[in-house]
Amino acid sequence: MENGTGKMNLVSLDELNAIDAESIYDQLILGGGPAALTSAIYSARKMIRVALISLDFGGQVNDTSEIENYTGFQTVTGHELAEKFAEHVRHFNIPVSLGDKITNVDKNGALFEVRMESGKMFRAKTVIYATGKRKKQLNVPGEREFLGRGVSYCSICDAPFFKNRKVVVV
């Protein structure tokens, strides 16, 4: 499934509920990474009518080969963790809009209106911005081919993988 960033989304996203464009939600969460998904799950547990809007599901987790610093897992791949996120979101029946870029967020009276590139619009009483960040790519030969096999984007997180090795940090 294309995620709007030119990448394929690796997570199995079937069975996720679609956002109803006619509804007014208590809360729209903008983003699809761990912070956004956690916000959505906490909101759903508190019976807040919540929906999630993101280009992709899992955020930077999707680009991570091996994770050793996520509480509850000694080691987990980014794909495995993103699958766990999807399972949790499905459990709470949180509506999701994926792959459609947000073009504008406005306040219209008491409601926020989130407009999408496709022309769709979603409305809510509150909005949480949890859009995360993206790694800065160098665009050098071999970068894409060696991602997760020597090329890394988090020197703090990934330093233990390169113990006793020569590295370059840019």
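Start with the order of elements. From the N terminus on, the chain runs β-α-β-α-β-β-β-β-α. That makes 3 helices and 6 strands. Keep in mind that this is a predicted model.

**The whole chain**

Zoom out until everything fits on the screen. The C-alpha atoms fill a box of roughly 55 × 35 × 25 Å, taken along the principal axes. The chain has 170 residues, and 35% of them count as buried. Now think about who touches whom. Take the contacts between residues at least 6 apart in sequence: 58% of them join residues at least 24 apart.

**From S1 to S2**

Select residues 24–30. This is strand S1. Add residues 50–54, which are strand S2. How do S1 and S2 pair? They pair in the parallel sense, over 4 bridges. For a landmark, show Leu 28 and Ala 51: Leu 28 stands opposite Ala 51 in S2. Next, trace the link between the two strands. The chain crosses from S1 through H1 to S2, and this β-α-β crossover is right-handed. H1 itself covers residues 34–45.

**Inside S2**

Stay on S2 and show its side chains. In a regular strand, side chains alternate between the two faces of the sheet. Which residues of S2 point which way? Val 50, Leu 52 and Ser 54 point one way, and Ala 51 and Ile 53 point the other way. How many of the residues of S2 are buried? The count is 5 of 5, so S2 is mostly covered, with buried meaning under 20% relative accessible area.

**From S2 to S3**

Add residues 96–98, strand S3. S2 and S3 run parallel and are joined by 3 bridges. Here the landmark is Leu 52, which stands opposite Val 96 in S3. Follow the chain again. It crosses from S2 through H2 to S3, and this β-α-β crossover is also right-handed. To see H2, select residues 78–91.

**The cores**

Now look for the largest nonpolar core. It has 22 residues. Which residues have the most contacts inside this core? They are Leu 52, Phe 57, Val 89 and Ile 94. Helix H1, strand S2, helix H2 and strand S3 each supply at least two residues of the core.

Select Ile 94 and list its neighbours, leaving out residues up to four places away in sequence. Ile 94 touches Asn 17, Ala 40, Ile 41, Ala 44, Val 50, Ala 51, Leu 52 and Val 89.

There is a second, separate core. It has 11 residues, including Ile 19, Leu 28, Leu 30 and Phe 122.

**Ala 40**

Go to Ala 40 in helix H1. Is Ala 40 buried or exposed? Its relative accessibility is 0%, so Ala 40 counts as buried. Show its surroundings. Leaving out residues up to four places away in sequence, Ala 40 touches Ile 29, Val 50, Leu 52 and Ile 94. Pick out Ile 29, which is 11 residues from Ala 40 along the chain. The C-alpha atoms of Ala 40 and Ile 29 are separated by 6.8 Å.

**Two loops**

Move to the loop between H1 and S2 and click on Met 47. Met 47 is not a glycine, but its phi is positive, about 65°. Why does Met 47 count as exposed? Its relative accessible area is 73%, and exposed means over 50%.

Then visit the loop between H2 and S3, where Asn 93 is found. Asn 93 is another residue other than glycine with a positive phi, in this case near 50°.

**Rings**

Last, show the aromatic side chains. The structure holds 2 aromatic pairs. One of them is Tyr 70 with Phe 73. Their ring centres are 6.3 Å apart, with 45° between the planes, and the pair is tilted. Tyr 70 has 31% relative accessibility, so it counts as partly exposed. Phe 73 is partly exposed too, with a relative accessible area of 29%. Add Phe 85 to the selection: Tyr 70, Phe 73 and Phe 85 form one aromatic cluster.

Finish at Tyr 25. Which residue lies over the face of its ring? It is Arg 49, at 4.7 Å from the ring centre.

Terms used: Residues numbered from 1 in each chain as written. Predicted model: local features only at pLDDT ≥ 70, side-chain atom pairs only at ≥ 80, totals over all residues. Heavy atoms only, no water. Core = buried A, V, L, I, M, F, W, Y, C linked by side-chain atoms within 4.5 Å. Buried < 20%, exposed > 50% of the residue type's maximum accessible area, 1.4 Å probe, protein only. Contact = heavy atoms within 4.5 Å. Pairing = 2+ DSSP bridges. Right-handed = clockwise from strand over helix to strand, strands pointing away. Phe/Tyr/Trp six-rings, centres within 6.5 Å; stacked < 30°, edge-to-face > 60°. Lys NZ or Arg CZ within 6 Å of the ring centre and 35° of its normal.
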